[in-house]
Amino acid sequence: MKVGLFPGSFDPVTNGHLDVILRAKEIFDKLIVAVAVNDSKTSSAMFTLKERQKLLEEVCKGVPKVEIICFDGLLLEAVKKYKAVSVVRGLRAISDFEYEFQMAMMNREITSDYDTVFLMASHSYSFVSSRMIKELVKFGGDVSPFVPPAVMKALKNKKHI
Ligand code: PNS
């Protein structure tokens with residue numbers, strides 16, 4: 001059973017993430033989408049961990065072979081725990097490459113148990129990021145083309161808080 005693990009902040013999940021999930025699930029027998037509990041962006045997160053997990057569950061409802069989990073601590077521990085053979089990451093542009101390269105190589109240096117598989121989302125999502133979505137929403141921009149309907153609803157609710 002080939003398990004892939006797609007880690008991220010998912011604050012919130014975008015159509016770009018969803019596109020990567022749908023592509024990755026074709027490569028593995030099972031895809032674990034892993035929401036990071038404590039990454040460097042947690043303190044500035046818009047959605048709580050539970051909200052991020054719930055949104056991913058809603059968005060991936062009915063998608064076979066996909067499971068949503070949360071992980072605390074190091075990515076490589078989660079990889080071990082879920083017996084993943086590969087970590088999946090999305091690559092948008094060259095600007096993503098340096099960070100992704102560092103992360104993949106650092107993890108490989110510590111453990112050579114798995115490889116990182118980079119997938120490119122569809123061209124129409126190549127510029128979409130959770131950070132941009134949050135900024136656009138903050139200033140009243142329409143993000144409906146870039147996020148699933150469940151996320152759109154959650155963003156509208158956040159604005160009213
Ligand atoms: O969606 P993001 O914010 O780009 O995802 C980054 C994430 C969560 C994959 C990364 O911060 C991570 O793996 N965090 C867990 C802690 C860890 O293992 N850090 C060392 C990476 S070399």
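## The sheet

In this predicted model, 5 strands come together in an open sheet whose order is 3-2-1-4-5, and the pairing between them is parallel. The edges are formed by strand 3 (66-71) and strand 5 (115-120), each of which pairs on one side only. Neighbouring strands of this sheet are turned against each other by 30 degrees on average, with direction ignored.

As general background, the strands of a sheet pair through backbone hydrogen bonds, and this pairing is either parallel or antiparallel. Here, strand 1 and strand 2 (residues 30-36) pair in the parallel sense over 6 bridges, and one residue to look for is Gly4, whose bridge partner in strand 2 is Leu31.

## Leu5 in strand 1

Leu5 is found in strand 1, which covers residues 3-8. Is Leu5 buried or exposed? Because its relative accessibility is 0%, and buried means under 20%, Leu5 counts as buried.

The surroundings of Leu5 can be described by its contacts, leaving aside the neighbours within four places in sequence. Leu5 is in contact with Leu31, Ile32 and Ala34, and the list also includes Leu75, Ala78, Val79, Tyr82 and Ala84, as well as Ser86, Val87 and Val88. A further link between separate parts of the chain is given by Leu5 and Arg89, which are 84 residues apart along the chain, while their C-alpha atoms are separated by 8.8 Å.

## Helices across the strands

Two helices can be placed in relation to the sheet. Helix 1 (residues 15-24) lies across strand 1, strand 2, strand 3, strand 4 (86-91) and strand 5, and its direction makes an angle of about 120 degrees with strand 5. Helix 2 (residues 49-59) lies across strand 2 and strand 3, and it runs at about 155 degrees to strand 2.

## The second largest pocket

Helix 2 also takes part in the second largest pocket, since both helix 2 and helix 6 (149-159) supply at least two residues each to the lining of this pocket. Which helix gives the most to the lining of the second largest pocket? Helix 6 does, with 5 residues.

The space in the second largest pocket amounts to about 220 Å³, and 11 residues line the pocket, with Lys54, Leu55, Glu58, Ala154 and Asn157 lying nearest its centre. When the lining of this pocket is sorted by class, there are 5 nonpolar residues, 1 polar residue and 5 charged residues.

Key
Residues are numbered from 1 along each chain as its sequence is written. This is a predicted model: local features need pLDDT of at least 70, side-chain atom pairs count only at pLDDT 80 or more; totals for chains, interfaces and linings use all residues. Side-chain values use heavy atoms; hydrogens and water are left out. Helices (H or I, at least four residues) and strands (E, at least two) are DSSP runs, numbered from the N terminus. Buried means under 20% relative accessible area, exposed over 50%, partly exposed in between (1.4 Å probe, protein chains only). Contact means heavy atoms within 4.5 Å. Two strands pair if DSSP finds at least two bridges between them. Axes are lines fitted to C-alpha atoms, for helices over the stretch in contact, and angles run from 0 to 180 degrees between N-to-C directions. On a 1 Å grid over the protein atoms alone, a cavity is a set of points where a 1.4 Å probe fits but cannot get out, and a pocket is an open set with protein on both sides within 12 Å along at least five of seven lines; lining residues have an atom within 4 Å of a point. Grid points are joined across faces, edges and corners, and a volume is the space filled by probe spheres set on the points. Ala, Val, Leu, Ile, Met, Phe, Trp, Tyr, Cys and Pro count as nonpolar, Asp, Glu, Lys and Arg as charged, and the others, Gly among them, as polar.
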